[in-house]
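This report covers salt bridges, cysteines and internal space in one protein model. Charged pairs come before the cavity.

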Amino acid sequence: MTVTATAPTAIAHPVVKALNGDSPNSSAPLHRAEQLRSLVRLLTDASERVIEGWEAEATQNNNGTKTHAFPPGELYEARQIAVSAGAMIVDLVQDPQIRILELGSQYYEARALHITVEKGVPDILAEAPQGVPIEDLAARTGVKAHKLGRILRALCSIHVFAEVKPGVFANNRTSQALVGNDGLQSMTLSMGGIRYKTSASLPTVLFDPVRGQSESNVETAFQEDAGTDLPWWAWLKKYGATTRRSPTSKTELEIYGLAMLGTGRAHGAVHLEYPWEALGNATVVDVGGGIGSMCLDTAKRFPNLKFIVQDLLPVVQSAPPVWEKELPGAIDSGRVQFMEHDFFNEQPVQGADIYHMRYILHDWDDDRAVRILAALRPALLANPGARLLICDQVMNTTHGCELVDSAPAPLPANYGYATRLSHMLDLNMMTMFNGRERTAEELAVLARRAGLVVERIFKCPSLVWLTRLKVDEGWVGEVA
């Protein structure tokens with residue numbers, strides 16, 4: 001099988017090439033000092049590319065033009081290299097024992113972030129860009145001043161928030177991203193609520209001789225922690241509309257819907273990398289689309305497209321208020337419809353142009369993922385031009401995979417620290433669902449089992465890519 005990945009032109013790194021030979025994955029060990037020098041040069045080169053990209057963006061914004069003076073894929077690649085090289089430098093120069101202790105304790109940093117978001121600290125700070133004294137923040141949040149101050153300083157030390165004067169705090173570039181951002185705040189709260197709590201039960205389940213070997217979505221850390229025999233989705237449907245973290249917080253169902261919106265936007269408008277304009281007035285079916293956040297962003301950009309958003313009833317029922325707020329008239333005009341549908345059942349909308357799934361397959365083990373794909377095959381057969389578009393992470397290993405380009409040496413093939421979030425999300429899939437993020441090769445195997453074939457991978461400037469599938473005309477049944 002040949003898979004074509006669209007990708008930006010690779011950034012040349014002559015220093016690294018001279019040190020390691022032509023192979024980007026040379027296994028010859030580098031002397032520590034030599035490796036540090038190569039990483040510094042790599043970081044310097046990538047940083048200059050990032051600066052060039054920033055300058056191009058500034059020029060573009062000032063001119064009011066949509067033309068990219070600097071390819072966004074190249075800027076993303078340069079950022080990944082800079083982040084990965086910087087992290088490797090930290091690893092080289094930090095005392096290994098201190099580094100281990102930092103890693104083992106970093107859940108306190110996560111909890112500190114959860115607390116500030118739950119108490120609305122970013123939005124409070126946005127009211128006074130010059131900074132807010134800790135006493136005022138304490139009065140607004142109900143958290144004792146010196147305790148809240150220590151929480152904020154822990155975050156300031158890792159460059160989230162800023163202490164502009166002694167005991168006076170303000171937003172910085174990172175915390176500013178949370179201001180007024182319901183989606184990102186909700187995703188942070190979701191990670192800080194049930195998911196954070198559930199992660200503590202992962203060792204118990206993982207080390208269990210039976211449950212640790214299971215791929216079932218009812219034998220996960222979630223069931224252990226929640227004391228339920230329901231899978232997450234059934235639990236959310238039954239209890240999510242009433243369960244709250246505190247009397248004043250949103251319900252888990254509300255948080256989940258907004259969190260999916262926030263996650264999609266945090267990964268960037270990956271779906272816009274697809275050539276939608278060429279489809280004219282096509283119909284797009286968003287399978288398991290939540291409140292339709294992908295469709296919402298796409299509908300704003302391409303006014304001729306029509307959308308059908310499918311999900312479980314409580315989820316799609318929560319969608320109309322979001323659409324009315326962000327794209328008034330789309331529902332009344334019929335541009336978007338909401339449909340209750342279980343994606344394990346055969347797709348009821350036959351012959352649409354695009355069937356889209358975002359963040360669906362990674363929730364499920366291989367056998368169930370094949371069932372989801374197979375349920376779409378009859379609908380794809382009804383229209384020879386129909387395609388299935390999967391928006392999910394395409395994982396790489398630190399050693400490298402054949403279908404995915406590797407990072408320049410001496411970086412890990414998967415860009416190491418720059419893909420840190422990818423692996424955190426993969427472990428979250430294991431913890432909540434016994435799901436998984438997959439490599440390109442693993443996804444291709446699932447497609448073949450369902451009578452589909454990977455036609456093309458669109459490498460996007462994001463952790464999430466687009467993979468396009470079509471019907472395998474020669475399929476005669478599931479292969480082992």
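Asp91 is partly exposed, with a relative accessibility of 41%. Its salt-bridge partner is Arg99, at an N to O distance of 2.7 Å. Arg99 counts as partly exposed too, at 25% relative accessible area. The model is predicted.

**Salt bridges**

The structure holds 16 salt bridges. Three of them are set out below.

| Pair | Closest N to O distance |
|---|---|
| Asp91 and Arg99 | 2.7 Å |
| Arg153 and Glu163 | 2.9 Å |
| Glu455 and Arg468 | 2.7 Å |

Take Arg153 and Glu163, whose closest N and O atoms lie 2.9 Å apart in a salt bridge. This pair links distant parts of the chain, 10 residues apart. Arg153 sits in helix H8 (residues 145-156), and Glu163 in strand E3 (residues 162-165). Arg153 is partly exposed at 37% relative accessibility. Glu163 is partly exposed at 33%.

Now the salt bridge between Glu455 and Arg468, at 2.7 Å from N to O. It also joins distant parts of the chain: Glu455 belongs to strand E11 (residues 452-458), Arg468 to strand E12 (residues 464-471), with their positions 13 residues apart. Glu455 is partly exposed, with 23% relative accessibility. Arg468 is buried, at 16%.

Some salt bridges share partners. Asp366, Arg436, Arg438 and Glu442 are joined in this way into one network.

**Cysteines**

How many disulfides does the model have? The count is zero. Cys460 shows why for one case: its sulfur lies 7.2 Å from the closest cysteine sulfur, that of Cys391, which is too far for a bond. The cut-off for a disulfide is 2.5 Å. Cys460 is buried, at 5% relative accessibility. Cys295 is buried as well, with a relative accessible area of 0%.

**Internal space**

A search of the whole structure returns one cavity of 30 Å³ or more. The largest cavity holds about 90 Å³ of space.

Which residues line the largest cavity? They are Leu361, His362, Ile390, Asp392, Gln393, Val394, Arg436, Glu437, Arg438, Leu443 and Thr467. Strand E9 (residues 387-395) gives the most to this lining, with four residues. By type, the lining divides into four nonpolar, three polar and four charged residues.

Two names recur here. Arg436 and Arg438 belong to the salt-bridge network, and Arg436 and Arg438 are also among the lining residues of the largest cavity.

Note on methods. Residues numbered from 1 in each chain as written. Predicted model: local features only at pLDDT ≥ 70, side-chain atom pairs only at ≥ 80, totals over all residues. Heavy atoms only, no water. 1 Å grid on protein atoms, 1.4 Å probe; cavity = no way out; pocket = protein on both sides within 12 Å on 5 of 7 lines; lining within 4 Å. Points joined across faces, edges and corners; volume = space filled by probe spheres on them. Helix = DSSP H or I, 4+ residues; strand = E, 2+ residues; numbered from the N terminus. Nonpolar A, V, L, I, M, F, W, Y, C, P; charged D, E, K, R; others polar. Buried < 20%, exposed > 50% of the residue type's maximum accessible area, 1.4 Å probe, protein only. Salt bridge = Lys/Arg side-chain N within 4 Å of Asp/Glu carboxyl O.
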